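These notebook entries record what I looked up in the structure, chain by chain.

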Amino acid sequence: MSEITINSYVILSTILFVIGALGVLLRRNAIIVFMSIEMMLNAANLLFVAFSRHLGNLDGQVLVFFVITVAAAEVAVGLALIVAIFRTKKSIDIDTLNLMKG
Amino acid sequence: MNAFGLAPLLLIFPVIGVLFNGLVGRKFVEADREIGEKWTGWFGTIMAFSAFAVAVSLFFSLQANGHHAEVVHLFDWINIPSAGFHVPWAMRIDTLSVTMMLVVTGVGSLIHIYAIGYMHGDKDFSRFFAYLNLFLFFMLILVSGSSYLMLFVGWEGVGLCSFLLIGFWFSFVDKNGVWKNANAARKAFVVNRIGDFGIVLAVILTFWAFGSLEFDVVFETALEMFKSKEPLLLFGQEVAFGSVVTAITALFLLGATGKSAQIPLYVWLPDAMAGPTPVSALIHAATMVTSGIYLIVRSNTLFEMARLSVGSELLFGVISTPDLVALVGASTALLAGLIAFTQFDIKGVLAYSTVSQLGFMIAAVGMGAYVAGMFHLMMHAFFKALLFMSAGSVIHGMEHGHHHLHDHDDDDFDPQDMRTMGGLRNRMNITSVVYIIGALALAGIVPLAGFWSKDEILAHASANDGGIFTAVYVMLVIAAISTAFYMGRQLKMVFFGEPRHAAAAHAEESSNLMTYPLIALAALAIVGGLANLPHFAAEHGAEAGGFSYLALEHWLEHSLHAFELTEEHVLHMPHTPIQIQWSVAIISTILAVGSISLAFFVIYKDTSKANSAPDPLQKTPIWWTSVLPLNTLYMDYFIPAFNRMAKWVAISLDWVFWHDFVHNRLVRDMFVTFAAFTSSVLDQKGVDGIVNGVASTTRRLSGFLRQTESGYVRSYALSIFMGAVLLVIYFMFATAG
């Protein structure tokens, strides 16, 4: 069993970020898209924490708290939006939200 | 205590009237006809009266401060220091401008009252009063401006109001399908444009030559240049001062021929009678058309300098501009007087008569008789406004009579045709009495207003030597004879004899609102001559009972620097007689009385019953010719020849050549072609092309951009990612480089 190095964290968070990004780009269910965004945020958080430990600097961990706070606010607003969308459209398929089509 | 501070109110009152009548007046009239008309009409009238009150207070202020001109500065208008071009918006209060203000607002107020009665029931009642007040505003700017540019603003403004008011009933189409009123309005506007062009050039030339447009500065500078006799430097060339001043005054003359309806631009005024009668009275008889005379009187020193500059090679080697002015005026007076013989329209006679009387004034100011010209201007304002408004009252009465008829089958009935009138004296008492007073005043019968003012002009012409003065004198005397004749003819045809049409037999007197202003003007037409009575005796030291002779002359002298400069022997104005010229007065009175009686008692003795009968002028022998061998000569040659001449003048020269060929064919068609070119080629293809081109290019480009907006959240997210990736790549290379 090899030792867990900083590289492992970088690879893990990259995988998580790519899964999140693909989820945002490819899925049509708004809840899934939303979860994917959360996943990308947490991939970034993981990387922050890993580097903070690796470099012996607490700045990264402080920043994570900010990210979590913002993400919590975003969840509150985002879920409210999804509920509002569902009420008007009877669906949370984001492809139905194409009123801005030029 | 003086009231010069009140001067701006002179302009503010009419503006309030315009705003009230123009913006909310219509609502009042639509809400309630009766009350609305009362409100809007009287509001406009009260504004005119308030302006009159201001003018009166300015009059007394000038009396109190020894007649010194006062310039009331309102604000700076144009200020270009690099060019030395500075035009303040200022009012010049002096005896001349106050005289004009009093005439404009005084006669104007009476006409406002009359118009309340005359326009009763018109659907655009409030619009009419808004225009009338707007006219007063611009006319007051014209006469009170302290510079040529302000004068020009007023000049154009009154032209606009004239256009609006001639075409007041612009939707009227006559039975031939011609837009008569709208055409008349356009004609007046376009013809006046030619004259205005002259004014613009004169104003520009004045600025180039004298470096200012302020009256004071212009006259001062011109006088210094005149004294020094040094040539001016214009466009890098030396030009004699005489040439410059001759050019400026000649261009002013061109402007005056337009606005004051002189040969060759008088053609618009007879057509202008298409407007409502109060307009004919106010604008096309009493005030606006006199602005050409005002312009020349205002520029009196320039004209007097031009008089002494004969031979300056620029324009006229043989004749100075004032002489040209006098000749133009006198020939207009004569020609229009002759044309008036052939008119059957009651307002047509008065229109040509106005042209003729304006000719008298222009001739007077051309001869240097500025005071006599202004005197005649005032008197003419009284009696011609009176005549026009009485004619309006007659037309009203005739229309009234026509409405009362049970058979409405003759649609061709024209309430203005004198051939359908006759005997109206018995139906319309007040109107006929005031009309006769006005007509006698116009004909120059002692002691009515017109006698004194006309006599002063004739006396001035006869008191000076020189071919020009003699020619002008002869022409004006003949014009005066024709004036008396056509007024006698008109009186007989309209008010005496038997009614020639059922409408005339049922005509009714107009309302008090219309007749009271007529009575006031009739009073002015009777006593107006007191304003400038000449001395009757050679020793004129004593003034009888505190009455001052030549009051107007003493009053206006303060504004006419030419008088002062003549006394200093700088200028040489023609001699102005201050004592009555008995020979001239007696001859002109005899001729006027003779001519009016000739028309009234001899040629139109038996007015025919049928309205289609030929004019008696063509067939009636004069009583004494039956005992003279001249009878045949007179009957066979003179009368036909005279008729042919009058007809030729009226039809060939005036109508066919001048109206149709020169004005319609040359001026109008050229103008229309040019306008069509600018509208269809320049405007639609050129300007619109550029504008539409910009719009369609933008549209096409935006079509491309539009396609990027798919409306899918995913594609926006993708572009955000792409952006992020690009940024990352950029930073990688930026840090690497």
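**Entry 1. Helix pair in chain A**

I began with the residues through which helix 1 and helix 2 of chain A meet in this predicted model. On the helix 1 side I noted I6(A), Y9(A), V10(A), L12(A), S13(A), L16(A), F17(A), I19(A), G20(A), A21(A), G23(A) and V24(A). Opposite them, helix 2 of chain A contributes I32(A), V33(A), S36(A), I37(A), M39(A), M40(A), N42(A), A43(A), L46(A), L47(A), A50(A) and H54(A). By class, I recorded 18 nonpolar and six polar residues in the contact of helix 1 of chain A with helix 2 of chain A, and no charged ones.

I then looked up the geometry of the pair. Helix 1 of chain A covers residues 6-26 and helix 2 of chain A residues 30-55; their axes come within 8 Å and cross at roughly 165 degrees. Because angles over 145 degrees count as roughly antiparallel, helix 1 of chain A is roughly antiparallel to helix 2 of chain A. The crossing of helix 1 of chain A with helix 2 of chain A is left-handed.

**Entry 2. Chain A as a whole**

I listed three helices and zero strands for chain A, and the order of elements from the N terminus is α-α-α. For the overall dimensions, I found that the C-alpha trace of chain A spans about 50 × 25 × 25 Å along its principal axes. The radius of gyration of chain A is 17 Å, whereas a compact globule of 102 residues would have one near 13 Å. Of the 102 residues in chain A, 13% are buried. Among the contacts in chain A with a separation of 6 or more, 46% are between residues 24 or more positions apart.

**Entry 3. Chain B as a whole**

I repeated the survey for chain B, which has 26 helices and four strands. The C-alpha atoms of chain B fill a box of roughly 130 × 75 × 55 Å along the principal axes. Buried residues account for 49% of the 737 residues in chain B. For contacts in chain B with a separation of 6 or more, the share from residues 24 or more positions apart is 79%.

**Entry 4. Where the chains touch**

How many residues of chain B are in contact with chain A? I found 11 residues of chain B in contact with 11 residues of chain A. Helix 26 of chain B (residues 713-736) supplies five residues, the largest share of the side of chain B that touches chain A. I classed that side of chain B as five nonpolar, three polar and three charged residues.

**Entry 5. Helix 14 and helix 18 of chain B**

I examined a helix pair in chain B next. The axes of helix 14 (residues 346-366) and helix 18 (residues 449-463) of chain B come within 10 Å and cross at roughly 40 degrees. Helix 14 of chain B and helix 18 of chain B are therefore oblique to each other, and their crossing is left-handed. The contact joins F360(B), A363(B) and A364(B) of helix 14 to K454(B), I457(B) and H460(B) of helix 18 of chain B. I counted these residues of the contact of helix 14 of chain B with helix 18 of chain B as four nonpolar, one polar and one charged.

**Entry 6. Backbone exceptions in chain B**

I checked for exceptions to a general pattern: most residues other than glycine have a negative phi, and most peptide bonds are trans.

The bond joining I263(B) and P264(B) is cis, with omega about 5 degrees. P264(B) sits in the loop between helix 8 (241-259) and helix 9 (268-271) of chain B. That loop between helix 8 and helix 9 also holds A261(B), a non-glycine residue with a positive phi of about 55 degrees. Is A261(B) buried or exposed? I found 31 other C-beta atoms within 10 Å, so A261(B) is buried.

A cis peptide bond also runs from V446(B) to P447(B), with omega near -5 degrees. I placed P447(B) in the loop between helix 17 (429-443) and helix 18 of chain B.

H67(B) is not a glycine, yet its phi is positive, at about 65 degrees. I located H67(B) in the loop between helix 2 (33-64) and strand 1 (70-80) of chain B. With 16 other C-beta atoms within 10 Å, H67(B) is partly exposed.

**Entry 7. K123(B)**

I closed with K123(B), in the loop between helix 3 (95-118) and helix 4 (125-144) of chain B. K123(B) has 11 other C-beta atoms within 10 Å, so I recorded K123(B) as exposed. The C-alpha atoms of K123(B) and T257(B) are 35 Å apart, with these positions 134 residues apart along the chain.

Notes. Residues are numbered from 1 along each chain as its sequence is written. Chains are lettered from A and ligands numbered from 1 in the order in which they are written. This is a predicted model: local features need pLDDT of at least 70, side-chain atom pairs count only at pLDDT 80 or more; totals for chains, interfaces and linings use all residues. Two residues are in contact if their C-beta atoms, placed from the backbone, lie within 7 Å. Helices (H or I, at least four residues) and strands (E, at least two) are DSSP runs, numbered from the N terminus. Ala, Val, Leu, Ile, Met, Phe, Trp, Tyr, Cys and Pro count as nonpolar, Asp, Glu, Lys and Arg as charged, and the others, Gly among them, as polar. Axes are lines fitted to C-alpha atoms, for helices over the stretch in contact, and angles run from 0 to 180 degrees between N-to-C directions. Angles under 35 degrees count as roughly parallel, over 145 as roughly antiparallel, 65 to 115 as roughly perpendicular and the rest as oblique. A crossing is left-handed if the near helix is turned anticlockwise from the far one by less than a right angle, and right-handed if clockwise. The radius of gyration is taken over C-alpha atoms; the globule rule is 2.2 Å times the number of residues to the power 0.38. A residue is buried if 20 or more other C-beta atoms lie within 10 Å of its own, exposed if 12 or fewer, and partly exposed in between; C-beta atoms are placed from the backbone.
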